[in-house]
Amino acid sequence: MTTVVAPAAPPPDPDNIQGNLIGFNKDHQRLVFLRFSDAANGKAFLAELEPQLARATDVLAFNAAFKAVTSHGAKPGTIEAAWTNIVLTLAGLQLLAATGLDTMPAEFKDGMRVRAPQVGDVDDSDPIRWLPPFDSAQGPIHAMIILAADDSDDLNAIYADVQALAQKHGTVETAPAQDGNTRLGANAGHEHFGFKDGISQPGIQGLTQSSKAGQDEIAAGEFIIGYPDQDGHISGQGADAPAPQPGQPGYPTPTPTPTPGLPSWTKDGSFVVYRRLRQNVGGFQDFLQAEASKHGLNPDQLGARVVGRWKSGAPLEHTSDEAAGVDPAAQDPSIADPSLVTGAKINNFDYVPGDADGHLVPRAAHIRKTNPRSEDPPGKQESNRRRILRRGAPYGPDFVPNEQPYPQAGPPPPDQDRGLLFICYQASIVRGFEFIQETWANKPNFPSGDDGGDGRDPIISQDDAHPDFRLSQGVHLTTQRWVTTTGGDYFFSPSIAAIRQLSGS
Ligand code: HEM
C-alpha cells in the first residue's frame with residue numbers, strides 16, 4: 001500500500017476535485033442513495049458516471065460567469081447549470097476493492113451510526129429511530145449521489161440519467177431520494193427557523209478568492225487530502241489523534257499523534273458528513289415567545305441571541321461597518337442600514353476584545369459555539385483548525401402559523417417534516433464536524449465553565465441532558481431539542497482520478 005508523499009504540495013487541482021466541495025449552491029438539490037449489486041456492476045456504473053461529474057473547475061467557472069452577468073444587471077436565472085457528484089461509504093469503497101482501507105480514519109470506518117453516542121445522537125436522535133436508508137434494515141448504502149440544479153426540470157433530467165445508469169448496472173435505489181430546496185420568496189436563503197444561512201464560509205487557499213471582509217482564507221489541507229493544513233502538515237499524512245477536551249491537560253493545543261498516512265488515491269478527496277436534521281419550528285417559536293418577555297426581550301431579540309445573528313443575517317455583534325451609536329442588540333441594524341447584510345460587511349466581526357464575556361452574543365449562541373473566531377479559549381488558530389465547508393439545503397414544507405403542535409412522541413406527520421440536509425466537507429471528520437458537535441456544541445462548559453457554564457448550543461446540541469443556555473450574567477434558560485437527527489452517514493468524496501481508478505477505467 002502506498003501513502004501520500006508530498007513534502008511541498010502545489011495548489012489543489014480543481015480539475016481533479018469534485019465540484020460540491022466549492023459549493024453547488026443551487027435552488028434544487030436531490031440526494032440519491034445507492035447500493036451496487038456487485039463489484040463489477042459498481043465499477044461499470046462509476047465508469048459511465050465519471051464524465052458527467054461536475055469538477056471544481058466547472059463550479060468556479062460558473063460562479064465567475066454568474067458574478068459577471070449579474071453585476072451587469074442580468075437577473076439570476078440568466079445562466080443556469082445542473083450538476084452531479086458522488087460520495088462513497090466505507091462499504092462502497094470495500095465493494096469497489098479500494099486499496100489501503102485499513103488506514104482510513106476510525107470514525108469513517110465506524111460510520112455515523114456507530115459514532116452516535118459520541119456526537120450525542122441519543123434519545124429522539126438515536127439511530128434506532130432513523131429513516132431509510134439509514135435505518136440499517138438493508139445494511140449500509142454504498143454511495144450517495146448529489147444532484148443540484150437551478151431549474152427543477154433540469155434536476156429531474158439529470159436524475160433520470162442517474163436512474164437509467166443505475167438500472168443498466170443493477171444498482172438499486174435503497175430509499176426514496178431526498179429533495180432539498182431553497183425556500184421561496186422572502187425566505188430564500190433562510191433555514192426553517194427563519195434565519196439567513198450559508199453566510200460564514202471559509203475561503204480555500206489556492207482555490208477560491210474572496211474580497212469579503214471577515215472571511216478567513218483557510219489552508220486547503222483543512223478540507224482536501226494531500227495539501228498543507230493550517231499547521232503546515234500535509235492532510236492525510238497521519239491523522240490527528242482526538243484532541244484534548246476542555247479541562248484536560250493540553251487543551252486547547254491539539255497534540256497530533258502520527259498515524260499511518262491515507263492511501264495515495266485519497267489525494268484531492270474530502271470526507272463528507274451528511275445529517276438529515278429535522279427542525280421543530282413550532283416548538284422553537286413557542287420557546288422564544290414564552291421565554292423572551294421573562295427577560296425583557298421580544299422573540300426576535302431572543303432568537304438573535306440564540307443564533308448570534310438576526311433573521312436577516314445581520315450580526316448581533318458590533319461591526320466596524322456599523323454607523324456610530326447603533327445598538328445591534330436592540331434591533332436588527334440592517335433595518336436602518338441594509339448595506340450591513342451585503343457580502344462585503346455581513347461577516348466582518350469578532351467576539352473579542354469587545355464582547356469576551358458574551359454580553360452581546362452569548363458564548364453558547366450557535367454561530368459562536370461553532371466558530372468561536374478569536375475568542376480564547378480556544379483562540380483563533382485553534383478555531384481555524386476546526387473549519388468546515390457547509391453545503392446543505394433546507395428540506396420539507398414551510399411552517400404554517402397555527403399548525404398542529406409537534407407531537408410529544410414519535411415523528412411528525414409528513415407535512416410537518418421539515419429541516420436541514422446538513423452536508424459538510426473536511427479533511428478529517430474527527431477534527432471538523434465531530435469536534436464541533438461533541439466538544440463545542442454539546443459541552444456546557446465550553447468555552448467557559450464559569451457562572452454555571454456557558455451552556456449548550458441551543459440549535460444543534462444533541463444529548464439533551466441538562467439543556468442549559470447562559471443568556472447573560474447569571475441568567476440561564478432551559479432549552480429543548482428542536483433539531484433531531486433522523487439519518488445520515490460519513491462518506492468520502494473521491495477525486496476524479498480516484499473514481500477512474502476505482503472504476504477500473
Ligand atoms: C438544523 C440545524 C442547523 C441550523 C438551523 C443551523 C443554522 C445556522 C445559521 C442560521 C447560521 C448563521 C449563518 C451563517 O453564518 O452561515 C449557521 C452558521 C453555522 N453553522 Fe449551523 N445550523 C444547523 C446545523 C449545524 C451543524 C450540525 C453544524 C456543525 C456541527 C453547524 C455549523 C455551523 C457553522 C460552522 C456556522 C458558521 C459560524 C461562523 O463561522 O460564524 N450548523 N447555522
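**Close-up 1. The start of helix α8, where Asn 298 meets Asp 300.** In this predicted model, a side-chain oxygen of Asn 298 comes to within 3.1 Å of the backbone nitrogen of Asp 300, right where α8 begins. The helix itself covers residues 299–307. Look past its other end and you'll find Gly 308, which follows α8 and has a positive phi, near 105°.

**Close-up 2. Helix α8 and its surroundings.** Seven of the nine residues in α8 are buried, so the helix is largely enclosed by the rest of the structure. The buried set is Gln 301, Leu 302, Gly 303, Ala 304, Arg 305, Val 306 and Val 307. So what do these buried residues pack against? Their partners are two helices, α7 and α9, plus the strands β12 (468–472) and β13 (475–478).

**Close-up 3. The iron atom of the ligand and His 366.** There's just one protein donor to show here: NE2 of His 366, sitting 2.1 Å from the iron. His 366 belongs to helix α9, which covers residues 366–370. You've met α9 already, as one of the elements that the buried residues of α8 pack against.

**Close-up 4. The second largest pocket.** This pocket has a volume of about 700 Å³, and 34 residues line it. Nearest its centre are Asp 124, Asn 280, Tyr 406, Pro 407 and Gln 408. Two elements give two or more residues to the lining, namely α7 (281–292) and β14 (483–493). Of these, α7 gives the most, with five residues. Sorted by class, the lining comes out as 12 nonpolar, 14 polar and eight charged residues. Helix α7 also turns up among the packing partners of α8.

**Close-up 5. The largest cavity.** A search of the whole structure turns up two cavities of 30 Å³ or more, and the largest holds about 50 Å³ of space. Its lining includes the run Arg 456, Asp 457, Pro 458, Ile 459, Ile 460 and Ser 461. Asp 464, Pro 467, Thr 479, Gln 480 and Arg 481 line the cavity too. That makes four nonpolar, three polar and four charged residues.

**Close-up 6. The second largest cavity.** About 30 Å³ of space lies in this one. Which residues line the second largest cavity? They are Glu 222, Arg 385, Arg 386, Arg 387, Gln 426, Ala 427, Ser 428, Arg 431 and Gly 432. By class, five are charged, three polar and one nonpolar.

How values were computed
Residues are numbered from 1 along each chain as its sequence is written. This is a predicted model: local features need pLDDT of at least 70, side-chain atom pairs count only at pLDDT 80 or more; totals for chains, interfaces and linings use all residues. Side-chain values use heavy atoms; hydrogens and water are left out. On a 1 Å grid over the protein atoms alone, a cavity is a set of points where a 1.4 Å probe fits but cannot get out, and a pocket is an open set with protein on both sides within 12 Å along at least five of seven lines; lining residues have an atom within 4 Å of a point. Grid points are joined across faces, edges and corners, and a volume is the space filled by probe spheres set on the points. Helices (H or I, at least four residues) and strands (E, at least two) are DSSP runs, numbered from the N terminus. Ala, Val, Leu, Ile, Met, Phe, Trp, Tyr, Cys and Pro count as nonpolar, Asp, Glu, Lys and Arg as charged, and the others, Gly among them, as polar. Donors are N, O and S atoms within 2.8 Å of the metal (3.2 Å for Na, K and Ca); water is not among the atoms, so sites may look incomplete. Buried means under 20% relative accessible area, exposed over 50%, partly exposed in between (1.4 Å probe, protein chains only). Contact means heavy atoms within 4.5 Å. A polar contact is a pair of N or O atoms within 3.5 Å; within protein, one must be able to donate a hydrogen and the other to accept it, and residues adjacent in sequence count only if both atoms are side-chain atoms.
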